[in-house]
Amino acid sequence: MRIALVAALVLTSYFAYADEGQWQPYQMLSIADKLQQRGIDIPAAQLADLGQYPMNAVVSLGYCTASFVSPQGLVVTNHHCAYRGIQYNSKKEHNYLADGFLAHTQAEEPSAGPNERLYITEEVTNVTDKVLTNLSEEPLARFEGIQTNSKALVKECEVDSNYRCQVDSFHHGLEYYLTKRLIIRDVRLVYAPPETVGGFGGDIDNYEYPRHSGDFTFLRAYVGKDGKPAIFDKDNVPYQPKSYLTINPNGVKAGDGIFVAGYPGATSRYNLTSELQFASDWLYPTFAERYQLQIDTITLMGEIDKDIALKYAGTMASMANRMKKLNGLLDGFNATDIVGIKQQRENDFLAWLKQDPDANQNLIIDLEALLSEQHQQMQTNYFYKNALSSEMLTAASKLYRLAKERQKPNDKREPGYQLRDMKLFKADLKRIDSRFDPAVDKTLWLQDLQAYVRQPVRNTVFDNALSISENFEELESKVEGLYALTELTDQTKRLNWLTKKAIDFETSEDPFIRLAVAIHDTNMALEQSEKLLEGKLSSVRPEYMKAIIDYYKSNNWPVYPDANRTLRITYGMVDGYQSKDAMYKQPFTRLEGLLAKHTGKEPFNVPAKLLAAIKSDDLGKHRVTSVYQQPSNCQFMSCLDKPADFNSVPVNFLSSADTTGGNSGSPVFNGKGELVGLNFDSTYEAITKDWFFNPTITRAVHVDIRYILWMMDKVDHADNLIKELKLDEASLQQAAQTAANNADVANDTTHVKTVPTQSAETQLPQVNEPTLEQMGNSAKETTNAVADQVASAPVPQMISDGVVANEVTDNATEAKLPLTQ
């Protein structure tokens with residue numbers, strides 16, 4: 001069914017692009033009408049202004065998104081985004097990962113770690129002309145020219161050392177923007193629920209729905225007494241942000257318009273079909289095989305040594321997430337003919353291009369030739385690069401590279417080795433200790449070395465330098481010797497190499513440093529070949545993107561850049577979806593779903609105090625009677641009978657917002673710009689949205705603000721933090737009235753509490769799918785045909801938590817154990 005339905009939507013109308021887009025803020029004015037149609041009333045011009053609320057309250061952690069929620073620098077993000085800070089403070093005597101943490105006063109707030117940062121975007125400037133000026137036609141020189149021009153812009157921007165500036169490529173080098181961000185260097189842990197709440201369901205639930213995850217954590221930004229960013233000091237004071245988010249304690253209902261702001265990582269929607277095919281056939285399966293081996297290895301070693309399990313907890317969570325996503329991508333490619341869809345679109349684009357006699361008809365041919373070269377390069381170098389994966393070898397190589405780069409003027413150095421980079425460089429060397437165990441590192445490196453030895457493309461310099469042997473015992477003995485003799489495992493001695501000269505490295509007896517010196521020239525030659533190819537692509541790809549953008553505009557399709565970890569806005573509505581034949585997943589989950597999933601064992605072990613609060617029905621003003629508009633949408637529930645009251649606290653909810661990795665922790669806003677949730681995941685069916693956005697099944701998963709507030713109020717008693725938050729006054733009055741009404745209902749002896757179930761899934765009656773031949777020539781005809789079949793089908797009757805039974809067949813919802821972005 002999915003192949004036919006998706007193809008129908010893609011090959012037809014603009015309906016396929018509903019809610020699609022990870023928009024740059026300045027583009028908001030161009031989609032103001034779309035925002036209004038979704039019920040987003042905050043002016044588009046206000047969203048486009050980074051100096052105004054709410055955009056000046058949205059910040060980056062460097063790898064996730066967060067937002068200010070109090071005048072005292074309080075920040076909220078996902079639990080999994082703050083994982084490093086929680087892990088950093090977890091010890092055997094107080095394991096905050098397992099037990100959670102709450103600081104009742106600011107004096108009790110510990111540092112989240114010396115390497116944690118908050119980045120506040122203040123300016124984004126189009127610098128395309130400055131980056132692309134005076135470039136050579138020779139590919140390598142062109143690459144270096146772009147790099148030189150970018151470094152000059154960054155240097156000019158970073159006059160104040162409290163700012164970090166960066167030039168990013170958009171539309172594959174067609175445009176360039178300079179982003180200026182204030183750096184907060186003192187970030188502290190304030191409140192984190194236990195991992196059994198923040199990561200409830202673990203990897204089983206990852207990328208799945210229904211979800212019941214309390215994936216939230218509060219941090220705080222601190223600065224020096226002069227108000228300027230400073231490293232951790234007990235005398236630092238809370239940062240006072242220019243604005244902080246207003247929270248709506250009433251949340252949202254199904255059908256409400258929402259928008260999400262954040263820093264999405266990477267998408268590939270403008271990439272060619274051949275790139276998708278390469279990823280599907282080789283790249284993703286190859287990565288997945290290595291990740292799975294590493295996960296299995298660390299898991300086994302962590303079961304034997306609990307210190308290893310704690311030290312590698314963050315690494316394991318990250319790898320498990322990547323693994324689940326890779327599997328989801330591969331499953332999605334099999335379930336939906338995305339390759340065929342993209343190929344058809346390419347064919348249509350070429351047909352359109354031929355209508356222009358002045359257009360370069362070899363655009364795709366030229367690009368395909370370079371991409372083929374790039375794919376070959378990746379396959380050739382893959383096993384060799386993995387063979388360099390030892391933490392100690394990586395540190396030695398970076399330190400020697402730094403010594404070599406220091407021989408150049410600062411503006412001629414490679415990015416990452418300039419004076420502006422030294423604080424981060426040193427911090428990375430320190431951070432090794434928090435995620436490194438020699439036994440684990442040796443084992444993982446040996447696995448990569450074995451894979452390298454077993455394949456035919458070998459590097460002679462590396463083989464000779466390491467005395468590579470195909471005999472495992474000899475290879476293992478060699479590796480053991482390197483770790484036994486190196487001094488780089490000692491942080492103090494490792495940091496001492498920061499100031500050493502190249503000659504010191506070249507005469508060192510440390511085995512890892514000797515190996516790093518031996519392979520340096522080989523690695524530099526490899527880097528040059530990659531830069532050469534990037535230089536070639538920097539000429540061809542922008543030309544292709546310019547033509548593609550013109551083609552999209554001619555079809556009235558949305559045009560926005562692929563995600564690249566810069567500030568974006570996406571919008572949508574609170575909405576469920578049909579995940580498979582006869583199975584509809586509703587937009588909200590309830591507290592009772594936690595009880596249904598609870599087994600007492602990881603990853604479905606609900607903490608005792610949370611269990612007690614749910615069982616006692618201690619919901620107070622947080623109780624929600626209905627999550628549907630009045631009158632309700634009858635498409636997936638009976639219009640004849642009043643649906644059962646929700647009568648719970650919403651835990652997680654779905655929306656059609658266009659998000660991806662990096663959007664974790666992003667604030668979810670209602671139409672007035674008030675905080676109603678935190679983005680933390682996508683559904684399994686939606687993982688392929690990195691390549692292709694399918695509006696029928698693409699859903700983001702959010703933590704409902706009402707669950708966060710209930711946890712703070714009734715479970716963890718974070719009264720000090722609740723007082724800091726700015727709650728919408730009108731909504732507070734409404735909540736108070738609702739609580740009073742709920743109390744009357746609770747005292748009614750005729751009130752029957754709904755039976756908890758395991759899912760928010762709904763079985764729908766059979767919908768006959770159209771065949772490709774039946775799709776017709778008209779987009780309108782196809783879309784309407786599908787809609788009519790759904791509308792004319794018998795509607796189901798809601799019977800309990802997120803579950804409806806088919807009125808005709810009286811079948812209960814299919815039970816399904818949970819699986820989570």
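**Entry 1: disulfides**

I count two cysteine sulfur atoms as a disulfide when they lie within 2.5 Å of each other. My reminder for the page: a disulfide is a covalent bond between the sulfur atoms of two cysteines. I am working from a predicted model here. My search of the whole structure turned up 2 disulfides.

I looked at the pair Cys-64 and Cys-81 to begin with, and found their sulfurs 2.2 Å apart. I read -80 degrees about the S-S bond, and I noted this link as left-handed. Where do the two cysteines sit? I found Cys-64 in the loop between β1 (58–60) and β2 (65–68), while Cys-81 is in the loop between β3 (74–77) and α4 (83–88). The bond therefore ties together parts that are 17 residues apart in sequence.

Are these two buried or exposed? My cut-off for buried is under 20% relative accessible area. Cys-64 has 6% relative accessibility, so I put it down as buried. Cys-81 comes out at 2%, so I listed that residue as buried too.

Next I turned to Cys-157 and Cys-165, which form a disulfide with 2.0 Å between the sulfur atoms. The torsion about their S-S bond is about -65 degrees, so I wrote this disulfide down as left-handed. I also checked cover for this pair, and both Cys-157 and Cys-165 are buried.

**Entry 2: the nonpolar cores**

I then asked which residues have the most contacts inside the largest nonpolar core. They are Tyr-191, Phe-218, Leu-610, Tyr-707 and Trp-710, in a core of 115 residues. I traced the largest share of this core to helix α22 (residues 511–554), which supplies 10 residues.

I picked Trp-710 for a closer look and set aside its neighbours within four places in sequence. Among the residues I then found in contact with Trp-710 are Leu-591, Leu-610, Ala-613, Ile-614 and Leu-619. Asp-618 and His-622 are on that contact list as well, as are Val-649 and Val-715. I was pleased to meet Leu-610 again here, since I had it among the residues with the most contacts in the core.

I also found a second, separate core, this one of 41 residues. It includes Ala-396, Met-422, Val-453 and Ile-513.

**Entry 3: the whole chain**

To finish, I stepped back to the chain as a whole. I noted 28 helices and 24 strands. How much of the chain is buried? I have buried residues at 57% of the 821 in the chain. For the surface, I wrote down about 34,000 Å² exposed, with carbon and sulfur atoms supplying 51% of it.

Notes: Residues numbered from 1 in each chain as written. Predicted model: local features only at pLDDT ≥ 70, side-chain atom pairs only at ≥ 80, totals over all residues. Heavy atoms only, no water. Helix = DSSP H or I, 4+ residues; strand = E, 2+ residues; numbered from the N terminus. Buried < 20%, exposed > 50% of the residue type's maximum accessible area, 1.4 Å probe, protein only. Core = buried A, V, L, I, M, F, W, Y, C linked by side-chain atoms within 4.5 Å. Contact = heavy atoms within 4.5 Å. Areas by Shrake-Rupley, 256 points an atom, 1.4 Å probe, with all protein chains shown as cover.
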